[in-house]
Amino acid sequence: MEEFWEMEDDLRDEEKRKMVVCRISKIGGSSVKDNVRNVMSRLMNNELMSTLNMDGHGDKIALRPTALFQIITESVVNNFKSSESEVADCIKRYLKYAPDRKGGERQGKQKAKSLRLNELVTVGEVDSALATEKLKCAKIEMVNKELDKSLSDAKVADQAKTEELCNAWKEVEELTLENKSLKDNVEKLGRDLNFNNGGKKITDVSERQQRRKLSELKTHTEKALWFSKTFGLDIQDVSFVDENGKQHTFSYQSKEKRGYKDLSEEEKQKVKNILFILDKFCIGDASYHELTMLYDGLPRSYLIKQCKDEINKLSHIVRTPGTAPGAQLDFMSELKSIHQGTIDISDPTFKLDIKLSGDGAKMSRLTNFVVISFSILNNKKDVMSSKGNHTLAIIKRHESYDLLKSSCSTIFEQVNKLVESKRIEVNGSSIPVEVYLGGDYKFLLLMMGMKCATSDHACIWCKIHKKDRCDVSKHQNFYWENLTRTTKDIIECSMKNIFSCAFKPLVNIPLCNVVLDELHLMLRVTDKLTKNLVINAVEMDRKANLNKRPMDRSNQNLDALIKTVQSCGVSFDVWEKVEEGGRGGLYDFTSLMGSDKRLLLKELPSKLSSILPDSTSGTIVRLWQEFNEICQLLGVVSPTEEQITNYFDKAVNWVKLFLSLNGKNLGYEPARITPYMHAMVYHVPRFMQMHHGVKKFTGHGVEKLNDDCRRVHLQRSNKWDAPTDVLLVGKRVEHLSNCERITRPYLKRNKNYWESAIKESRSKRIRVSAQINEETEVDINSLTANEIKHKLKDLGVLTKLRSLEKLKKLFRESLTNKENNNI
């Protein structure tokens, strides 16, 4: 009984209880009754069950209130989907007869017996019954003698049949040997046959006759190469080439269809290698199927599909909560599986740094994904690549606070528990963890429950008003000491809807661990500088064209700016946006990638002075040059205190230089100081001190992950369940990472060639799609009024003339002016 009560105490633990239920559910049985009998006989002996009943009647112990009863009931109900009352009845019946079974309390005890008067008989009645039974026994003995005789006769007959069968087997063996000898003789005769072609050549007959001749040649070839078996070799493939150079291949391999599980380890590895290439480069299944139809050496497409299905079983993907379509992985499971393969945790001082990221990505004209991912900052070599950023969830919607709150609630709940505990259990070891939040400014605002970047108090880390962002006279730590925010403060402000706090933060990550992305900082500030160049070039053209006839107007300054930017080696253009009412005046330009903008920061400043007015060209050139220096300091790994101080001084001077153009050029007003610029001055230096640099928090890996998701969505998914397809492809590439080919190291010996000479070499290549410079003669007299107006518009001339003759005259003058300008 002591063991029984000890087991009861153990079953109060929820984890042990689940484990016991899982184990006894596997015992099973043919019915509910059989399952109950098997389970109870495993858990208790008859001696213990003799002391139990369901409700504790008499001196026995009640089983119904115990945890053991609940576990037995739950396991049987899970197996047979029966009711709990039915299981309880079976347990009750089994306990009832426990004392009578082996080991029970009544087992081995003599029971008291009693007789009734009508159960007694006389001696005479017994003698009469005995005589009757003796007659029956005599008859049975006679029948037995007859059966013994029949059995002996059957044994003799069986022995004769056995001898006859042995003789038959001997004859079969002799005939088999004789048949084999005859078969060998026939095969030897076939080897000496003449296989010459008695008809036309294969190139001289129709396609149908070619197939017949090729089938005949395949058979003759196999017979002619009979001797290969004497070397222990089998024919696999034989190839021939006809007079026209066309190849004909005969395959003698077995056509038996095998599944992926039937392949050898070497063949399975070959299939995995091909699947890795298909997933990594987003090659469609239909494309690979066509290849297998052309080349026999490739594994068949059904084997690739079976291998894909096997690997997909390793990933547990579920639907995201909420109404939006999406798919997600378990954060804790992914975290444990990822870091074990990449990080050495044997060091007792080791701390795991995890960055949670998110971004909205446009997949197509109508489809938008919100991609939630995480990266391990300790793995520094992969944090800037898509391989080092692991997708957790994909939601098919535009990013918003309500969407993140509903669809990512499971992930954020796990993140908050991790932030609170600050430890993770892996293989019995407790590892300290630090969680960070990264992403572009819009994502950070949504995660913190704040309003948009144009609100009055849009800074995440302090309560500065947007009108005060232009003031850079404060010391470095001023806003961390006076107007700083905390997660608790944001929650309190959201209840009052003040300081741009609208909702409760979705994660409880401290604001000192919410780090600005240096990539998006560079992108957004460079966008602002480029936009200012464009609007000022447009404004200079507008002023230059004020007193000119429409035919004489031009976009000289804007065209010069476009050519200058293009000369830096990037693709760039500017166009006028037309609103719904047909009004123009607003201009947009090409959105450049991060690498193009870094190139622009390096090459453009030295070329700006030739296209800008002398009064402001020096300041604008310095503005670009100094921002390039700031970006280089942002990329320093583990910066020193001196470097951080130098960075702060440069950032302050840069904002002052930016504001010095106020009143001289458009776009440099104090109101144009964005949250990115404010954070660049007063918050990034603190992050550089606390986290030993901000380069590891870059968004390069997240952006590359978005590109991978876009490629998979467009090329590797049938769009039926696109979020799940993207997650599965990513997990397959992760599982098959050992199949990736190790690239050969390449040393760029001629550094000058890769920096400048290669660009000059490529610029000299002839482009088929390039604009033709040859002047084509236009028959003006054959053009209509509308056609002339369109051609005038292409020349930059707008007119309200309707007379055909006047339009022709204006068109001729415009062409003449264009020729003179080109000269």
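Two strands are taken to pair if DSSP finds at least two bridges between them. In this predicted model, strand β7 (residues 352–362) and strand β11 (residues 429–437) satisfy that description, pairing in the parallel sense over 5 bridges; within this ladder, K355 has Y436 of β11 as its bridge partner.

The two strands belong to an open sheet of 7 strands, arranged in the order β5-β6-β9-β8-β7-β11-β10 and mixed in its pairing. The sheet is bounded by the edge strands β5 (318–319) and β10 (423–426), each of which pairs on one side only. On its single paired side, β10 is joined to β11 in the antiparallel sense over 4 bridges, and in this ladder the bridge partner of I424 is I431 of β11. The connection between β10 and β11 is a hairpin with 2 residues between the strands, and N427, in the turn, has a positive phi of about 50 degrees. Strand β11 is thus bridged in the parallel sense to β7 and in the antiparallel sense to β10. In a regular strand, side chains alternate between the two faces of the sheet. Across three strands of the sheet, namely β7, β8 (368–376) and β9 (389–395), lies helix α26 (residues 700–715), which runs at about 50 degrees to β7.

The domain assignment of the chain gives domain 1 (1–100), domain 2 (207–251), domain 3 (267–313), domain 4 (317–449 + 505–513 + 722–739), domain 5 (518–695) and domain 6 (785–821). Domain 4 is thereby described by separate segments of the chain, 317–449, 505–513 and 722–739. The C-alpha centres of domain 1 and domain 5 are 76 Å apart.

Helix α18 (residues 518–544) packs against helix α20 (residues 594–603) at an angle of about 60 degrees, the axes being 10 Å apart. This angle makes α18 oblique to α20, and α18 passes α20 in a left-handed crossing. On the α18 side the contact involves E518, L519, M522, L523, R524, T526 and D527, which meet G594, K597, R598 and L601 in α20. The residues of this contact divide into 4 nonpolar, 2 polar and 5 charged.

Helix α18 also packs against helix α19 (residues 556–566), here at an angle of about 150 degrees and with the axes 7 Å apart. Because angles over 145 degrees count as roughly antiparallel, α18 is described as roughly antiparallel to α19. The residues of α18 that take part are L533, V534, A537, V538, M540 and D541, and their counterparts in α19 are Q556, N557, L558 and L561. By class, the residues of the contact of α18 with α19 comprise 7 nonpolar, 2 polar and 1 charged.

A further helix pair is formed by α9 (residues 265–280) and α27 (residues 722–735), which pack at an angle of about 135 degrees with their axes 9 Å apart. The angle makes α9 oblique to α27, and the crossing in which α9 passes α27 is left-handed. Residues L275, F276, D279 and K280 of α9, together with V729, R732 and V733 of α27, make the contact; these divide into 4 nonpolar, no polar and 3 charged residues.

Note on methods:
Residues are numbered from 1 along each chain as its sequence is written. This is a predicted model: local features need pLDDT of at least 70, side-chain atom pairs count only at pLDDT 80 or more; totals for chains, interfaces and linings use all residues. Side-chain values use heavy atoms; hydrogens and water are left out. Contact means heavy atoms within 4.5 Å. Axes are lines fitted to C-alpha atoms, for helices over the stretch in contact, and angles run from 0 to 180 degrees between N-to-C directions. Domain bounds come from an automatic or database domain assignment. Angles under 35 degrees count as roughly parallel, over 145 as roughly antiparallel, 65 to 115 as roughly perpendicular and the rest as oblique. A crossing is left-handed if the near helix is turned anticlockwise from the far one by less than a right angle, and right-handed if clockwise. Ala, Val, Leu, Ile, Met, Phe, Trp, Tyr, Cys and Pro count as nonpolar, Asp, Glu, Lys and Arg as charged, and the others, Gly among them, as polar.
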